[in-house]
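Okay, thanks for squeezing me in. I'll put the structure up on the screen and then we'll walk through it together.

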Amino acid sequence: AALYQIEAWGAPYFSVNSDGDIAVRPHGTATLPHQEIDLMKVVKKASASTTAGGLGLRLPLLVRLPDVLKHRLESLHGAFDSAIQSNGYLAHYQGVYPVKCNQDRYVVEDIVEFGTPFHYGLEAGSKAELLLAMTCLTRGSPDAFLICNGYKDEEYIALALIARSMDLNTVIVLEQEEELDTVVEISRRLGVRPVVGLRAKLRTKHSGHFGSTSGEKGKFGLTTMEILSVARKLRRLEMLDCLQLLHFHIGSQIPSTSLLADGVGEAAQIYCELARLGAEMRVIDIGGGLGIDYDGSRSGDSDMSVSYDLEEYACAVVRAVMLACDRKNVRHPIICSESGRALVSHHSVVIFEAVSSSAIGAGTLPFAGADVSFLAEELSDGARADYSNLIAAAFRGDYKSCAVYADQLKRTSVEHFKDGIVGLEQLAALDVLSDIIAKALGEADPVKTYHVNLSIFTSIPDFWGIGQVFPIVPIHHLDQRPGVKGILSDLTCDSDGKVNQFIGGQSTLPLHELSGGGGGYYLGMFLGGAYQEALGGLHNLFGGPSVVRVSQSDGPHCFAVMLAVPGSSCADVLRAMQHEPDVMFEALKHRAAECGVEGGDAIMRVLHSMPYLICGDGGGVVAGDATSSDSDGC
Ligand code: PLP
């Protein structure tokens, strides 16, 4: 466990149990062993065939843990509650979840349900997000905020106003000055008095990757001039009472509480000024930015780490708002945050399988030990000289010269291959020879490539796109010391489809030797519950993973699978790109018949299988509506 820093990034949810497997403590506390969920048992349950009592799902598998989500929400709320109490702050905290972080129906519904006692709300950034947020909030607390951010056209604004007239506590946050005219016009037309917020473009700048849109030249929000102009316009229209909220967002993964306090302090001043100008200010919305310590270092010196915990974050916010308001004698506002990453990152784990590995090494190569002396006759004069020098140096024990001659020999041979002088067999034998020499000299790269049943582009898009590193760990054998340094290569045919950066700045991951021909070795990607699912693409037409929703259950079973959904089939992903699987099937079946081939069944099977490499017999998919509820976990 120490090798993978599990305690540092995983506490209090992930640890290693006495079987050497990753165990989930869904409620965050040190629970009794029978209350821990063993991820290997979840994998076995999910992947065993239905006839063997499993769910017949194929990997990769996304395990959703709603209990973790509940615990994160309660912890965030608890952190603000204690900061408010200990500082004598005179208003409450009432957060919203920005659905863009993970729009999965069950994630959003869970957050609304778990957040109802705290009046937790939702934030939307587009019309589709607004529709789903409205629907989910009809079952939430009537006081919960529905914050409407993002670019807004007339339809978006009309929908937000309809939400308000449906008694959803909707706030339209102006990101651009021009949006005000549309809000005023449509609210008059619909006869709905809007509640308006302003997104301020702060001067405080967050220097990390996620802060590139902050600062005076940032992409979003209103400048000081524009804020003044909106306030004046609202006063002229006798609508200044509609302005009730000030919002800012200086970027995700704010690294330190000092930067946070700087930003919140600046926003709180603007808030107080708006109150002075006559707006009926009630809420300060501090946006997202509450970060995750992906590498567990608590250093806060890169996008991988933040130097604070929930309590320190909440305390810094409360104090900064209080300081500004007390100085200006302004009533303390409700503090709203739009924390997404911090709320959902821990709640899911992507589990995938290493199906094979490859490495350069004498013991593993087909040509190893081959007699390469025949090369001498077939080489050109120059290459033959290199070869003779190499052999002579080897006999002398002059390893340094060996390496030089081996290198020269390889280069000359490649040129000769391109000129058609050397054949494929000779070239391969030369490669082997130089690898054997390099290995003997201790220069061979001992790193093994593990081929994993996954698409990086679908399941870890931020690694490919912005170099975001997530903890990746084998979910079993953690009671055995791993003997291999590995990198991961996915199944897409794209050179970017690999993971060769790991937490702690490591370029390899300690892995266990694969037994047999590979397969049966499972790894988990942790802390990826935010953004990855929504950003994941269909590169190479690899669809999303199978999904199980797993809750802790008491009694003889430690977990219950509340929902099981097979991953996308080839037909699903083809449909997403406007192909028509039924038409394709008919055309291919027809062609097969013309050629006298019995291909129909095989084509149909592939169309309905997942576009991943399947190892062994994963069994059938779950029938009916592809959902399942099963409490026979252990
Ligand atoms: N609010 C707004 C306006 C955002 O743009 C974002 C994401 O960048 C968030 C909230 C969520 O941020 P985080 O995931 O850092 O909590």
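**A walk around β13 and the parallel sheet**

V63 sits across from V349 of β13. That's one spot in the pairing of β4 with β13, which is antiparallel and has four bridges. Quick reminder before I go on: this is a predicted model.

So, let's stay with β13, residues 348–358. How many of its residues are buried? Nine of the eleven, so the strand is mostly covered. Besides β4, it pairs with β19, residues 521–525, through five bridges, antiparallel again. If you want a landmark there, I351 has G524 as its bridge partner in β19. And then there's β14, residues 448–452, joined to β13 by four bridges and also antiparallel. The landmark for that one is S358, whose bridge partner in β14 is T449.

Now swing over to the other sheet I want to show. This one is open, with eight strands, and the pairing is parallel. The order is easy to remember: β5, β6, β7, β8, β9, β10, β11, β12. Which strands stand at the edges? β5, at 96–98, and β12, at 334–336. Each has a single partner strand, so one side of each has no neighbour in the sheet. On average, neighbouring strands here are turned by 25° against each other, if you ignore direction.

Zoom in on one pair inside that sheet. β9, residues 196–199, and β10, residues 243–247, run parallel and share four bridges. R199 is the residue opposite H247 in β10.

Lying across β10 and β11 is helix α9, residues 257–276. Its direction is at about 165° to β10. I like α9 as a sanity check on geometry. It has 20 residues, and at 1.5 Å a residue they should span 28 Å. The end C-alpha atoms are 28 Å apart, so the two agree. Just after α9 you hit G278, with a positive phi of about 110°.

Okay, backbone oddities, for those of you who like staring at Ramachandran plots. Where do we get positive phi outside glycine? One case is H119, at about 60°. H119 is in the loop between α4 (105–115) and β6 (121–124). Another case is R298, with phi near 55°. R298 is in the loop between β11 (283–285) and α10 (310–328).

Buried or partly exposed, for these two? H119 has 20 other C-beta atoms within 10 Å, and the cut-off for buried is 20 or more, so H119 is buried. R298 has 14 C-beta neighbours inside 10 Å, so R298 counts as partly exposed.

Then the cis peptides. The bond from A11 to P12 is cis, omega near 0°. P12 is in the loop between α1 (6–10) and β1 (14–16). L59 and P60 are also joined by a cis bond, with omega about 0°. P60 falls in the loop between α2 (39–47) and β4 (61–64), and β4 takes us back to where we started, with V63 opposite V349.

Last stop, the ligand. Which residues come closest to it? S252, G288, E338, G340 and R341, out of 15 that surround the ligand. By class, that shell is made of five nonpolar, eight polar and two charged residues.

That's my tour. Questions?

Technical notes: Residues numbered from 1 in each chain as written. Predicted model: local features only at pLDDT ≥ 70, side-chain atom pairs only at ≥ 80, totals over all residues. Helix = DSSP H or I, 4+ residues; strand = E, 2+ residues; numbered from the N terminus. Buried ≥ 20, exposed ≤ 12 C-beta atoms within 10 Å, placed from the backbone. Pairing = 2+ DSSP bridges. Axes fitted to C-alpha atoms, helices over the stretch in contact; angles between N-to-C directions. Contact = placed C-beta atoms within 7 Å. Near = placed C-beta within 6 Å. Nonpolar A, V, L, I, M, F, W, Y, C, P; charged D, E, K, R; others polar. Expected span 1.5 Å × (residues − 1).
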